[in-house]
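Colleague: I should like to go through this assembly with you. Could you take my questions one at a time?

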Amino acid sequence: MFEILDTIGTLVFAISGALTAMYKKLDLFGVYCIAFVTALGGGTIRDVMIGRTPVGWMLDIDYVFIITLGFLLSLIFNRYLERLRISLLLFDTIGLGVFTLIGLEKGLEFGLSPVICVILGTLTATFGGVVRDILCNEIPVLFRKEIYATLCIAGGILFFLLQEFAIPKEIISASVAVFIITLRLVAYKYNWSLPIGTVFVKK
Amino acid sequence: MFEILDTIGTLVFAISGALTAMYKKLDLFGVYCIAFVTALGGGTIRDVMIGRTPVGWMLDIDYVFIITLGFLLSLIFNRYLERLRISLLLFDTIGLGVFTLIGLEKGLEFGLSPVICVILGTLTATFGGVVRDILCNEIPVLFRKEIYATLCIAGGILFFLLQEFAIPKEIISASVAVFIITLRLVAYKYNWSLPIGTVFVKK
Amino acid sequence: MFEILDTIGTLVFAISGALTAMYKKLDLFGVYCIAFVTALGGGTIRDVMIGRTPVGWMLDIDYVFIITLGFLLSLIFNRYLERLRISLLLFDTIGLGVFTLIGLEKGLEFGLSPVICVILGTLTATFGGVVRDILCNEIPVLFRKEIYATLCIAGGILFFLLQEFAIPKEIISASVAVFIITLRLVAYKYNWSLPIGTVFVKK
């Protein structure tokens, strides 16, 4: 189950990267690279910072194939993918929830404290997009719009709160994922966003 | 003493990052992230490159709290911090001196040669700002203005020159920090800067 | 022989970085930094991701000297280097071939699969330029023009195809390098480039 969700998340993140790169009129190699870093960038930064090397995707060739599939789908169905925006949003949101969980668990595996685990979960889920935006010469959308990362942080906090009770690990993980996914969809529907940083002083 | 200076340096670097991010109209999460990478980016890159993982701040939760404090101070006192520019410059300069020393010492700990240690000292002190500028979609100010990094290099060379004499380690460290801090303030006062790279050919 | 080619590659990559930085009107420190990351950025990212730390150039001080030489040559001969564009292209192409091979071999050393080795070869040869462009606030030229990276991938595939036959290692390496170098020069002459990513849908 978890592996399938991870695969879906990776695939959709790759498609989101490829579409951004096409929009920027990059060449085929550029589109492939951006798909790659969008899907695997967050996990790569996490692995490098905690010392889990060679980084995860180097030891499981499937990731390269999934990204190649996402790349090909984007090339071929480019025009139709625009119309599938709502479906893609759903999958992207699944990726968000699953990647947060993966990051949290890698942090625990390395014996890191809850605060650091929450940071790692958020980073895993969101920094692929940050690297994508930097490579495309944009200020990362993550820092400007939507409450994307805030949901990962909230999910991470929920994860550790639930640990306090005698709840089976699988149920905790599922609850956190469902929590992040639901909140993200609600946030999208009502167009929630964080205030900009100067909100407290500008009258 | 050293820990206090490290704390001050981290705090002020976080504030400098937060102010830059607010100026760029990022949202609250963006401001927090930029504060974080400005304060810890240099040390993170250093640790990752020398293989000191999990990187330093993951093992000492205090850093996260210091940065959160810097973030909150920036949000609340934003307007007044502008007027404190001179005090902030002083603290920023303390950070510069202390972070250079920390980088030098991590290099020695890992048995690296003096040239590499000087590079690591400079990187620790300055690359947080480089990452901040990249995330804000600017050419790093470090590469364009002021002699900021040059002072770290000079301080690093002084550090190794003083090792040649029978001077206690604490006095060497203090001298290097004072040297960097003094020179930086003088450089600021007289508006010193490095010539641009084409100076030798443009007539 | 190989060491000489590695040295030439590093030197020319450093010069290419320095010239780009001068064109962007960075100061002397900025020019030096960009020369550094252009020459060593690809290998650094590779080493960090496979866990080969401290990264390669920290253990061989010669790299710092070669880059310093490239930096000085660029400063002094800046004006004449423009006229040497064809010679520089040749050296740059040698760097491309040699760095690809180095990346491939580091991957094999770490027991990684052929697909990952090809990725590492390409990354070693090309991501110094990507970091250069990001630091100079440009969308990486690698993602937009020429078939630069595609040749590294092709060379990497050839490398593994030749492994299937009883060919001495040295000859395989030489063939791959010659293959990449020749194809790159042909590509340059005929101005080959990859189609942009939307080619399949735009009529």
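Colleague: To begin with, how many residue pairs are in polar contact between chain B and chain A?

Modeller: This is a predicted model. Between chain B and chain A there are 3 residue pairs in polar contact, with both residues at pLDDT 80 or more.

Colleague: And what is the count of salt bridges between chain B and chain A?

Modeller: The count there is 0 salt bridges.

Colleague: How many residues does each chain bring to that contact?

Modeller: Chain B brings 30 residues and chain A brings 34 residues. The area buried between chain B and chain A is about 2,700 Å², and carbon and sulfur atoms give 74% of that area.

Colleague: Which three residues of chain B supply more of the area it buries against chain A than any other three?

Modeller: They are D27(B), F29(B) and M58(B), which supply 24% of the area that chain B buries against chain A.

Colleague: Turning to chain C, how many residues does its contact with chain A take from each side?

Modeller: That contact takes 34 residues from chain C and 30 residues from chain A. About 2,700 Å² is buried between chain C and chain A, with 74% given by carbon and sulfur atoms.

Colleague: What about polar contact and salt bridges across that interface?

Modeller: Across the interface of chain C and chain A, 3 residue pairs are in polar contact, both at pLDDT 80 or more. The count of salt bridges between chain C and chain A is 0.

Colleague: What turn lays chain C on chain A?

Modeller: A turn of 120°, with a shift of 0.0 Å along the axis, lays chain C on chain A at an RMSD of 0.0 Å. The two copies are thus related as by a three-fold rotation axis.

Colleague: And what rotation superposes chain B on chain A?

Modeller: A rotation of 120° superposes chain B on chain A, with 0.0 Å of shift along its axis and an RMSD of 0.0 Å. These copies use different surfaces, as 10% of the contact residues of chain B recur in chain A.

Colleague: Why do you say that chain C and chain A meet through different surfaces?

Modeller: Because only 9% of the interface residues of chain C are also interface residues in chain A.

Colleague: A change of topic: how many cavities of 30 Å³ or more does the structure hold?

Modeller: The structure holds 2 such cavities, and the largest cavity has a volume of about 70 Å³.

Colleague: Which residues line the largest cavity?

Modeller: Its lining includes I134, N137 and E138 from each of chains A, B and C, together with D133(A). By class, that lining has 3 nonpolar, 3 polar and 4 charged residues.

Conventions. Residues are numbered from 1 along each chain as its sequence is written. Chains are lettered from A and ligands numbered from 1 in the order in which they are written. This is a predicted model: local features need pLDDT of at least 70, side-chain atom pairs count only at pLDDT 80 or more; totals for chains, interfaces and linings use all residues. Side-chain values use heavy atoms; hydrogens and water are left out. Copies are superposed by least squares on the C-alpha atoms of residues with pLDDT of at least 70 in both. Contact means heavy atoms within 4.5 Å. On a 1 Å grid over the protein atoms alone, a cavity is a set of points where a 1.4 Å probe fits but cannot get out, and a pocket is an open set with protein on both sides within 12 Å along at least five of seven lines; lining residues have an atom within 4 Å of a point. Grid points are joined across faces, edges and corners, and a volume is the space filled by probe spheres set on the points. Ala, Val, Leu, Ile, Met, Phe, Trp, Tyr, Cys and Pro count as nonpolar, Asp, Glu, Lys and Arg as charged, and the others, Gly among them, as polar. Buried area is the accessible area (1.4 Å probe) that two parts lose on being put together, summed over both. A salt bridge is a side-chain nitrogen of Lys or Arg within 4 Å of a carboxyl oxygen of Asp or Glu. A polar contact is a pair of N or O atoms within 3.5 Å; within protein, one must be able to donate a hydrogen and the other to accept it, and residues adjacent in sequence count only if both atoms are side-chain atoms.
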